[in-house]
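Thanks for sharing this one with me. Here are my notes, written as numbered points so that you can follow along with the model open beside you.

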Amino acid sequence: MRQISRHFRWPLGAAISLGCTTEEAPPFTCAEAPGTICTVAGSGIAGLGHDGELPTSVPLYLPQDVTVGDDGRLYIADWNNHRIRVIDNGVVETLVGTGYLGDAPDGPALGASLNHPTHVAFAPDGKLIVSAWHNSKVLELDLQSNQLRTICGNGLRSWGGDGGPAAKALLDLPVAVDFDSKGRMVISDQANQRIRRIESDGTINTIAGPPSDYIPPGFERVVPEGKPAKFCRVPDDPAAPTPEESRLANGDVNPACLSVGVYPQGFGGDGGPAVGAFMSQSSGQQAPPSGRLEIGSDDTVYFTDTFNHRVRAVSPDGMIRTFAGSGPADYDPNYAGGYAGDGGPADQALLKGPVDVAVAQDDTLYIADTQNSCVRVVRGGTIDTYAGQCGKRSFGGDGGAPTAALLNRPYGVALDSAGNLYIADTHNHRVRIVYAAAD
């Protein structure tokens with residue numbers, strides 16, 4: 001049995017108890033054992049918990065993501081509390097954020113107010129990378145100085161910058177990042193419907209999604225003075241444009257069109273170059289997080305094409321394919337996905353709104369099948385359920401087999417070096433772990 005101290009720094013002499021709870025039942029001990037599921041953080045009650053509390057006693061609020069650092073600490077994106085939390089010495093502490101909404105300025109991490117961070121990852125140099133999602137920024141935290149620095153994005157939800165320095169690029173809801181074997185940062189630029197990469201020379205480019213000069217049919221790109229560019233519909237009748245069309249009757253830009261969001265969503269491109277393919281991530285003002293990614297050992301980029309209900313893969317040679325999930329061959333915004341296919345080929349299965357993936361060293365892929373409220377696993381091209389009961393949203397099952405447990409719209413999954421799978425059980429306001437099966 002692996003010792004829990006491998007993952008958390010518990011106080012010397014403290015009892016090793018994970019304290020799994022439900023809202024109705026008193027705490028009980030959830031024994032660490034291969035192939036079981038337990039809660040490791042979150043009381044199950046939505047709220048802003050105080051620092052210094054035991055992990056399973058602290059309230060979290062829709063935790064979106066979790067990762068285990070090389071330092072053995074567990075890092076949590078406490079989404080609706082606008083904070084990054086860490087479990088250190090057996091208690092929860094705030095690492096980044098004030099708990100209030102803000103613009104994510106550079107400077108001391110505890111003085112920086114964030115706006116719904118969605119993802120945490122580590123750069124090759126050991127710095128913590130925060131996807132400051134609603135800030136439309138990617139931030140870097142130096143864990144030695146506790147100082148934040150913006151790497152990409154300026155806070156405007158917009159599109160631009162390909163071919164130029166990443167520091168001046170524009171992002172729209174960057175939801176996750178990872179690093180390839182060359183140390184290049186790959187960003188899921190959610191609302192822009194693109195996967196982008198910061199090259200070794202500091203420039204940024206699209207590696208999956210519509211090309212930089214793409215304009216949806218029937219629209220034009222409008223660039224009002226001092227404001228970010230927007231797509232606006234070309235008037236059918238230039239002499240009598242509607243309030244949402246791009247031009248007034250005198251030819252000037254119609255400011256009303258700028259409030260109408262148009263995004264290049266779609267589906268297509270499998271079997272061809274990833275640049276030029278289309279995906280469907282959520283994009284409006286009330287958009288939920290979608291489209292997270294992780295890079296495999298051979299530099300394949302796996303990402304969730306959330307509202308096409310697929311996991312897709314971009315190979316190192318720049319080609320794209322569907323890895324898991326199936327659906328209409330053509331884009332159908334009304335297609336709702338589903339649950340089916342366990343025991344069969346992954347690319348013929350049904351998923352429902354998957355949001356995150358985790359890739360093991362042996363290329364086993366874990367999928368947060370979010371709207372099915374379960375975690376799926378793909379081994380050797382075959383898909384199965386790994387945790388939760390797909391189609392059932394609730395909480396239960398700690399201390400038992402993960403497939404007998406209940407999850408509630410998990411948005412994040414992550415592996416540690418021991419093969420344990422962590423789940424951001426988002427709508428249960430908990431972080432849970434599935435201990436790796438014995439070798």
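1. Let us begin with a question to try on screen: leaving aside its neighbours within four places in sequence, which residues is Leu 141 in contact with? Find the residue, look around it, and then read on.

2. The list holds Leu 95, Val 96, Ala 109, Lys 127, Leu 128, Asn 146, Gln 147 and Leu 148. Leu 141 itself sits in strand E9, which covers residues 137–142. One of its partners, Leu 95, lies 46 residues away along the chain, yet the C-alpha atoms of the two are 9.5 Å apart. Leu 141 counts as buried because its relative accessibility is 0%.

3. Before going further, please keep in mind that this is a predicted model. The average pLDDT of the protein is 90, and 92% of the residues score at least 70. Residues 1–26 are another matter: their pLDDT is below 50, although the stretch has 64 contacts in the model beyond near neighbours in sequence. Where pLDDT is low, the predicted coordinates should not be read in detail.

4. Now for the overall build. The protein has 27 strands and 0 helices. Its C-alpha trace spans about 75 × 50 × 45 Å along the principal axes. For 439 residues, a compact globule would have a radius of gyration near 22 Å, and the protein agrees with that, because its own value is 22 Å.

5. How much of the chain is buried? Buried residues account for 57% of the 439 residues. The protein exposes about 17,200 Å², and carbon and sulfur atoms supply 51% of that area. As for contacts between residues at least 6 apart in sequence, 48% of them join residues at least 24 apart.

6. Next, the cysteines. How many disulfides does a search of the whole structure find? The search finds 2. Cys 30 and Cys 38 form a disulfide, with 2.0 Å between their sulfur atoms. The torsion about their S-S bond is about -90°, so this disulfide is left-handed. Both Cys 30 and Cys 38 are buried.

7. Cys 374 and Cys 390 also form a disulfide, with their sulfur atoms 2.1 Å apart. Is it left-handed or right-handed? The torsion about the S-S bond of Cys 374 and Cys 390 is about 100°, so it is right-handed. The pair links distant parts of the chain: Cys 374 belongs to strand E23 (residues 374–379), while Cys 390 is in the loop between E24 and E25, 16 residues away. Cys 374 is buried, and Cys 390 is too.

8. Stay with that loop for a moment, as Phe 395 is also found between strand E24 (382–387) and strand E25 (412–415). Is Phe 395 buried or exposed? Phe 395 is buried, because its relative accessible area is 17% and the cut-off for buried is under 20%. The C-alpha atoms of Phe 395 and Asn 408 are 6.7 Å apart, with their positions 13 residues apart along the chain.

9. One last residue to look up is Cys 152. Its relative accessibility is 0%, so Cys 152 counts as buried. You could colour the model by confidence and return to residues 1–26, where the pLDDT is below 50.

Technical notes:
Residues numbered from 1 in each chain as written. Predicted model: local features only at pLDDT ≥ 70, side-chain atom pairs only at ≥ 80, totals over all residues. Heavy atoms only, no water. Helix = DSSP H or I, 4+ residues; strand = E, 2+ residues; numbered from the N terminus. Buried < 20%, exposed > 50% of the residue type's maximum accessible area, 1.4 Å probe, protein only. pLDDT = per-residue confidence, 0-100. Contact = heavy atoms within 4.5 Å. Disulfide = S-S within 2.5 Å. Rg over C-alpha atoms; globule rule 2.2 N^0.38 Å. Areas by Shrake-Rupley, 256 points an atom, 1.4 Å probe, with all protein chains shown as cover.
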